[in-house]
Amino acid sequence: MRKKFVSFVIIPSVVVCLAVYLFIDTWVRLGLEAGGEAAIGAKVEFEGLHVSLSPLGIQWSRLQVADPHDGWRNLFETRDVRFAVNSGQLLRNKYIIQTMEVDELILGSKRSTDGSVKKAPAPAATPGGTDTSGAGTFTAKAEGALGKTAEKSPAVAAGIGALHLNADSLVKVLDIHTLKHLDSLKSQVLASSGQWNASLADLESSKKKLAEIETGIKSINPAQLTTLPAITGAIATVENSTKGINDISSAFNARKGAIQGDVQKLNASAGLIDDIAAEDFTRLKAMAKLPNLSTTGVARLLVGEETVKKATTYLSYVDWARAHIKNSSSKPDYTSPPRMTGQNIAFPLERAYPKFLIEKIRISGGTDTSGGASAIHAKGEINNVTNDQSVTHLPITATLEGVEGGGRAFHLHAVFDRTKEVPYDEYEASLGGVPVAEFPLGKEDFLSGKMTDARMSSTVKAVVPGSAFDASATTTLSGFRMSYASEPKGMLEQVIRDVLRDIHDFTVTFRLWNTDGEFKLALATDLDAKIAERATAVLGAEFTKAQNDLKTKLDGAIAGKKAEVMKLVGDKTADVQKQLGAYQSLIGDRLSLADAKKKELTDRLDKEKKGKVNDVLKGIFK
Amino acid sequence: MFYLKFIRDFVNILRAGQTPAQVAGGFALGTILGLSPMLTLQGALVWLILLAIDVNFSAAGVAMTFFAFFAWLLDPLFHWLGYQILVNAGPLKGLWTFLYNAPIAPLTRFNNTVVMGSFVAALLLFYPVYAGMKHFVVAYRTHIHSRLEKWKVYQVLDRSKMLQWYRRIRDLKVSP
């Protein structure tokens with residue numbers, strides 16, 4: 001043993017160990033704070049951090065993580081947190097934590113000091129940031145569809161205009177499509193009627209032939225026929241007559257089919273009259289500036305822009321999860337490594353651990369109100385937080401719920417599955433009683449204003465398998481007040497403002513999906529129906545009278561011609577149907593006559609044949 | 001001056017001072033450290049042995065420097081050797097798997113081809129280097145140095161500037 005080994009190695013080692021023991025808490029705290037600040041872009045502060053060596057673990061009494069977008073508010077803070085690190089795996093440079101106990105998780109609490117840091121954080125590193133321009137991100141992909149939706153204002157008339165309108169003048173000016181249709185229908189009836197008459201005239205010549213056949217058949221008297229050749233000849237004549245009737249019947253049926261087709265077309269065309277008249281009425285209302293308040297779209301105009309803005313923000317959270325929760329790492333290929341680095345060979349593991357794993361984070365709720373009334377106290381569990389799910393074969397799951405003094409409550413369940421080749425994310429969240437200080441409304445040129453003091457309740461469900469996306473959300477806003485930036489522009493805006501004044505809640509249903517490649521957005525709300533319902537009440541009898549007046553005038557303009565054409569159609573079709581029926585009966589009668597005569601002759605033939613046989617037998621036995 | 005001190009001490013130690021075994025032991029341990037990559041558990045153990053037992057430091061330092069250069073040159077060979085031992089040596093696979101699952105063994109980075117190849121090479125060279133160095137020190141002290149002094153070439157060189165420089169280094173007083 002080297003004599004100075006004790007003084008030069010062992011004593012310094014003891015001193016170093018002692019220093020580590022005494023200062024490790026500070027060093028770990030400073031390291032975690034520095035790392036956290038670099039990652040979040042805002043102050044990360046630990047209080048009462050203590051590193052225990054047996055079992056190896058860390059605990060702290062308070063952690064505050066400032067919001068990078070608002071330095072005076074915490075993104076979240078915790079009270080007592082304890083966890084133990086698997087020391088065996090730590091020796092293998094793996095950070096495995098079985099259970100992390102979090103006594104309280106408080107979201108959005110107020111800070112007593114400014115938590116912003118001077119150096120601006122990388123925008124893409126935080127969810128909800130503004131840098132969502134990456135070409136492959138959901139935010140970027142959806143921006144086009146969302147933008148189009150925001151721009152797509154409903155075709156709302158600039159204003160109702162005067163309700164005291166001159167309906168006669170408007171009807172005169174209106175290009176009434178119904179009248180054109182009636183004229184067209186009349187022409188069709190007349191043309192068809194001409195063709196029918198020609199066809200019926202052709203059938204008249206057949207009538208003569210039928211009469212001749214009838215005479216021929218009737219002239220045959222079976223009783224007068226005494227010889228077999230005479231009877232057989234008469235049967236042949238009747239059969240020829242039947243054939244002639246059938247030929248006439250075939251020709252008749254062909255003509256009848258054509259005529260029936262014409263009749264059907266005319267009836268269908270007549271059936272369109274009411275629809276065309278309804279379209280005329282709609283155009284007449286548009287000319288009169290009468291709004292169709294039952295059409296959807298006003299609500300989209302009101303809340304569309306804000307909803308789209310919120311959707312973009314939430315999509316950035318999805319992008320953040322995709323970027324930061326990585327897919328499984330693949331086995332390294334054989335390489336020719338740089339000098340002195342070598343290649344690491346992997347061997348089968350009895351129990352594989354990823355580089356980093358927290359099997360369970362158990363968060364218990366709390367009642368500490370020092371963070372302000374607006375802070376949310378959360379509780380729940382987050383499981384399998386890891387950097388490599390291909391090793392754990394378990395997705396990250398999070399189930400959180402929380403409440404705050406003001407009545408806000410939320411529930412969140414999320415799954416981030418990277419165990420397979422195609423990543424899969426699923427989110428289910430509900431948020432209730434959220435006070436919304438200000439909710440912008442409308443556009444600059446229409447209903448520009450804001451909704452204040454509203455309460456918002458939302459439920460959201462989103463599924464993100466691979467590059468597909470399907471999210472639906474329902475948001476209810478209630479208890480709000482409206483205020484507008486300027487005086488109403490036009491009667492319609494005035495009406496809608498009056499309506500909104502008496503509406504205290506509405507629901508917006510939102511769906512955003514790209515399952516067939518392109519992002520699509522559907523936005524529906526019960527506000528349209530409410531506006532329509534209330535508008536009727538606000539406008540009352542005047543609105544109804546104006547509408548009825550227009551309808552009466554239009555109906556009056558159409559009624560005369562409509563009655564005339566409908567009578568013409570009815571008469572002509574009834575007439576032709578009657579003639580066709582009569583002809584059908586005639587052919588039927590003649591065919592019956594021929595059949596009856598043939599039967600009579602056949603019976604006569606049988607009888608005659610029988611008499612002849614008896615005569616022969618009598619001659620034999622005489 | 002640190003390296004000069006190492007060289008002076010090494011040259012001095014070849015002539016007298018510590019035993020040949022101490023010089024050879026230091027040189028052999030330095031060979032292991034020089035050939036192997038740093039920051040491994042076995043490297044730390046060798047350092048501990050070097051610090052704990054009474055072997056020559058200067059010899060270790062010279063060997064470390066000398067063989068570190070060789071290690072850089074022979075890296076592809078070590079990579080190949082390590083790969084053969086880790087991947088193609090079938091009977092050893094069970095041992096590697098056991099060590100891979102053991103808590104501390106991975107700190108040796110034994111599953112790295114260069115670490116494994118260089119360490120095995122260093123172990124194989126350990127005794128030959130130790131024995132060879134020991135013989136060389138003994139021989140230097142008994143024969144080589146006196147024979148060298150008799151050579152005309154040595155006498156010419158003895159007066160040469162080069163040897164004066166060597167002596168200056170040998171007798172150099174390095175301030176602590």
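This is a tour of a predicted model with two chains, A and B, going from whole chains to single residues.

**The two chains**

Begin by colouring the model by chain and selecting chain A, which has 11 helices and 18 strands. Of the 622 residues in chain A, 27% are buried, and among its contacts between residues at least 6 apart in sequence, 71% join residues at least 24 apart.

Select chain B next, where the secondary structure comes to 9 helices and 0 strands, so that a cartoon view read along the sequence gives the pattern α-α-α-α-α-α-α-α-α. Chain B has 176 residues, of which 32% count as buried, and 86% of its contacts with a separation of 6 or more are between residues 24 or more positions apart.

**Where the chains touch**

With both chains shown, look at the contact between them, to which chain A contributes 19 residues and chain B contributes 24 residues. On the side of chain A that touches chain B, the residues divide by class into 10 nonpolar, 5 polar and 4 charged.

**Helix 4 of chain B**

Now select residues 57-73 of chain B, which form helix 4, a helix of 17 residues that reaches 24 Å from its first C-alpha to its last, close to the 24 Å expected at 1.5 Å a residue. Showing side chains here brings up the buried residues of the helix, which include the run Phe57(B), Ser58(B), Ala59(B), Ala60(B), Gly61(B), Val62(B), Ala63(B) and Met64(B), and further along Phe67(B) and Ala71(B).

**Its partner, helix 2**

Add residues 20-35 of chain B, which are helix 2. Two packed helices are described by the angle between their axes and the distance between the axes. For helix 2 and helix 4 of chain B, the axes come within 7 Å and cross at roughly 35 degrees, and the crossing is right-handed. Among the residues that meet here are Val23(B), Gly26(B), Phe27(B) and Gly30(B) from helix 2 of chain B, and Ala59(B), Ala60(B), Ala63(B) and Phe67(B) from helix 4 of chain B. By class, this contact has 15 nonpolar and 6 polar residues, with no charged residues.

Which residues does Ala63(B) contact, leaving aside its neighbours within four places in sequence? Select Ala63(B) and its surroundings, and the partners are Phe27(B), Gly30(B), Thr31(B) and Gly34(B).

**The nonpolar cores**

Widen the selection to the largest nonpolar core, which has 36 residues and in which Val23(B), Phe27(B), Leu29(B), Ala59(B), Ala60(B), Ala63(B) and Met133(B) have the most contacts. The elements of chain B that give two or more residues to this core are helices 1 (2-15), 2 (20-35), 3 (41-52), 4, 5 (75-88) and 7 (113-150); helix 7 of chain B gives the most, with 9 residues. Apart from this core lies another, of 26 residues, and to find it one may select Leu182(A), Ile220(A), Ala234(A) and Leu266(A), which are among its members.

**A loop residue in chain A**

Finally, centre on Ser61(A), in the loop between strand 3 (56-60) and strand 4 (62-67) of chain A. Is Ser61(A) buried, exposed or partly exposed? Ser61(A) has 14 other C-beta atoms within 10 Å and is therefore partly exposed, since a buried residue needs 20 or more and an exposed one has 12 or fewer. Not counting residues up to four places away in sequence, Ser61(A) touches Glu47(A), Gly48(A), Arg79(A) and Asp80(A). Of these, Gly48(A) is 13 residues from Ser61(A) in sequence and 5.2 Å from it in space, C-alpha to C-alpha.

Note on methods
Residues are numbered from 1 along each chain as its sequence is written. Chains are lettered from A and ligands numbered from 1 in the order in which they are written. This is a predicted model: local features need pLDDT of at least 70, side-chain atom pairs count only at pLDDT 80 or more; totals for chains, interfaces and linings use all residues. Helices (H or I, at least four residues) and strands (E, at least two) are DSSP runs, numbered from the N terminus. The expected span of a helix is 1.5 Å times one less than its number of residues. Two residues are in contact if their C-beta atoms, placed from the backbone, lie within 7 Å. Ala, Val, Leu, Ile, Met, Phe, Trp, Tyr, Cys and Pro count as nonpolar, Asp, Glu, Lys and Arg as charged, and the others, Gly among them, as polar. A nonpolar core is a set of buried Ala, Val, Leu, Ile, Met, Phe, Trp, Tyr and Cys residues joined through C-beta atoms within 7 Å. Axes are lines fitted to C-alpha atoms, for helices over the stretch in contact, and angles run from 0 to 180 degrees between N-to-C directions. A crossing is left-handed if the near helix is turned anticlockwise from the far one by less than a right angle, and right-handed if clockwise.
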